[in-house]
Amino acid sequence: MQNQDLKQKIQELEAKLEARENYSKLLQKIIISLSEVNSYKEIAALIIEESKDFLGFDSADIFLFSENKDKAILVASVGKKLDQINEKIPFVLIKGDDFLEQESQCPKINFIEDILKVPNFTKGLAEKINTCSILKVPIFVSGNYQGVFAFCTSREKGILVPNESQLNFVKILSTHISSSISKIISEQEKSKHFQNFYEVEQVANLGSWTWEAKTDILYWSDNLYEIFGIEKSEFKKDYQSFIDLLHPADKEEVTSILAQAFVDKDFLSYSHRIIHQKSNKVKLLSCRVNIVRSKEGNVQKMFGTSQDITELITFEKLKKESEERYKNLIEFIPYGLVVHTKGKILFVNNAAIKMMKAKSSNDFVGKNIQEFVHKESQEVVRERVKKIEEGEDAPTIEEKFICFDGSIIDVEVTGTSFLYNNQKCILACFQDVSDRKLIEKAKVENEENFKNIFENSPDAIFVEDYEGNVLNANRAACELHNFSSPRELIGKNVLELVPKKNLDNAHKEFTKLLDGELNQIQSLSLRNDGKEIPVEIRASKIIFNEKKALLLHVRNISERIEMEEEMLKIKKLESIGVLAGGIAHDFNNILTGILANLSLAKILLKDQSDVEARIKEAEKATIRARDLTHQLLTFAKGGLPILSIASIVNLIKDSTKFALRGSKVKSDFLIQEDLWPVDIDKGQIGQVVHNLVLNASQAMQEGGTIQISAENILLENESDLPLEQGNYVKISITDEGTGIAQQYLDKIFDPYFTTKETGSGLGLATTFSIIKNHQGHISVESKIGIGTKFSFYLKATDGSVSTQEVFSKEEIIGKGKILIMDDDEAIREILFDVLQHIGYEAVAISNGFEAIAKYEDAIKRNNKFDAVILDLTIPGSMGGGDTIERLLQIDPNVKAIVSSGYSNSPIMRNYEKFGFQAIIKKPYNVKELSEVLAKVINQE
């Protein structure tokens, strides 16, 4: 009996051991498998499938809490046959349900015997999801309670109460469930982070990179391949492959910068060019580099960013000038123009003010566009504005506007996206079509009203049958086609009013107009005198004399086409201006080298009179070339005036005498006493007088007298001149020459327009630009055979005339240490020699970064520079403007001179406001340089 009991106990023990072994194997199998799953659904399916024999649960759900824990979202469900439980349409439990409250209060393994007995749980929902018992396991992510893993039984299976062994099994398993879910959440966040990072790179047009020094492996982000225009497979991913992609002219400089960084840098920024491998276009990149070193100071790796700034640089140079030119142009357009952003009006032109019966632009600016839109059109306007802001096209439509006198007008409106004062706006163009609308709505029953509108419309109106024969025409139609009365038009076919060369195309277009495929067409119309005019045609169907007919509205669009051609011309002039500025910049650098060399050679050859005479002539020729460059600069709008208060009397006389030297023409001065002083650039205004007097002289080949007058003028509000009221000095130059033909008067200020056999056509264009940049005005009157009179107006000032320091005729020998910054190597070399010759010690460098380093080093060595000469424009690197800011931080008493041959920077006009003591414009000679240095170094 004892043996039998012992044997039974051994069997029970073996059974327990076997069960425990199976329990361990099952747990180990599930844990290993969990490390390989990649989704919430895979986790739930794995656990239910592997544990259903041991635990008995036949389904599972995974709920994850929202950020504020107010609801639980079902992210996975297995074992349930319920349509709405899926990952695309989340199943949500709201806070307040006891199912969640119990968990939030006590986040531990919790068993619910029957979910229908949970007080606040919706019974209908419990029945719908077919669930009975639930074993809830809390999910922890990074130590935070994040959700619930629920083991479930169906209602068919009934209540299932887990024993102690099963609860221990689930308790161990819960840690690994949390770990697997944490991994998935982490991967999702990581994926989201990299996607956001890539999108940020694309928006900023930059790419990131890392270079490992030990392996010489270079890792690029995807966007960097796009910036360089290469495929991943084409890049060898090493340092030399990167260098090979640089612009040939920049390879040496970039290699030098990076090599220096290896020695003593932890961070650097620089710019360089590349040639885009697909488009073959040159691009400018801005680079920032961080360097990681070992404890011993050796470079381990570099990482940083490269940003494509090509479009940004080009855009910033052109946008300000373009906006100003377009603003001036649209003031003369006969259509109403409104610029607004977010509905707020920023600008209206004169035509809009007149059309809306307002007093001035102040009645509009700052108000919402909807204030002037009739309630019938407001919803349509809102939708159109939204479309345009989102980049969609908005075709021409008709709307109703409310005028300031309360009247309502029908307008035809078109809109487009537009850049105005550095912000994205909407440009709306509209015209009053009230008359046309009235005509379209007129009925035959009201013949008198129809007749009045028909006859008084400014547009040409034809009534024709469906074969194109004219049945009636108004007075405007007769005027348009040069007929004396409608009788001459009636009976003609409208195709007789079209040039033969356009007949086929006109027939096709007109057919589309009648079929409703087009709202309007443009064509050429043939006048009775054979002249062709561009017209815009609209058609509508009417009843005329109880028969079907067509009503044609024909509008002469010659002025509009001329306006469009003028806009195209302005765009071409902008291109010429950019070209002129670029030529002048390079030419001035060349002239600086030539003039400085000639100046120095003249000094060195003082005792050799013949050679010195030849060099003086070459120097004069160089100065004449400098004058031509200044004309190019002024035309390109780069030569902004450098103003000083001056009396214009001597300037007028000296410039006149110089222009008439050697000619048969005499001058007669009529200059008012006590002429007001003016705030001008004396060099530029002298050029204006010289150009106008020279033109007058060339118009008087047989000699004569040019009258030059100057007088004080007070302009009142009612003045016809496009100038603000105030005090002005008016200068007039009148000749007795051949005169200018009337058809040329509106073209004489155009670049390259000339009626002379020889001449550049730049003189008057330059004159116009100079006067405009001085906020003045120039006008011309002329009669053939009698002569021409040019008058220009300059704003008078209340200030006193400045006295200019007088220097000796020879160069001034000085003493001190000078730092030269210029990107042109030839200029650096000659300035180095010139400065040494006139007594100075010189150091020459090529960009702002080097200048800052040299200046800091000089201060540390107690050997400070006495003056610095900074070139304003350094392509692809730090120029004079940025450099002076850094130097002033290092040394508030730095004595700096700004130098440039071309720049539209305000520094050239107000250099003192930016920390400079003087300005020297390229090209300049030794005497000019020595005078400026003496003035700057000796001033306190």
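This is a guided tour of one sheet, the helices packed on it, and the confidence of the predicted model.

Residues are numbered from 1 along each chain as its sequence is written, and side-chain values use heavy atoms, with hydrogens and water left out. Because the model is predicted, local features need pLDDT of at least 70 and side-chain atom pairs count only at pLDDT 80 or more, while totals for chains, interfaces and linings use all residues.

Colour the chain by pLDDT, the predictor's confidence in each residue, from 0 to 100. The chain average is 79, and 78% of the residues score at least 70. Residues 83-89 fall below 50; this stretch has 9 contacts (heavy atoms within 4.5 Å) in the model beyond near neighbours in sequence.

Next, select the open sheet of 5 strands, which are arranged in the order 30-29-31-32-33 with parallel pairing. Strands (E, at least two residues) and helices (H or I, at least four) are DSSP runs, numbered from the N terminus; two strands pair if DSSP finds at least two bridges between them. At the edges lie strand 30 (840-845) and strand 33 (918-921), each pairing on one side only.

Move to strand 32 (residues 896-900), which pairs with strand 33 in the parallel sense over 4 bridges. Ser900 has Lys921 of strand 33 as its bridge partner.

Now show helix 21 (residues 825-837), which packs on the sheet and touches strand 29 (816-821) and strand 30. Finally, select helix 22 (residues 848-860), which lies across strand 29, strand 30 and strand 31 (867-871).

Note on methods
Axes fitted to C-alpha atoms, helices over the stretch in contact; angles between N-to-C directions.
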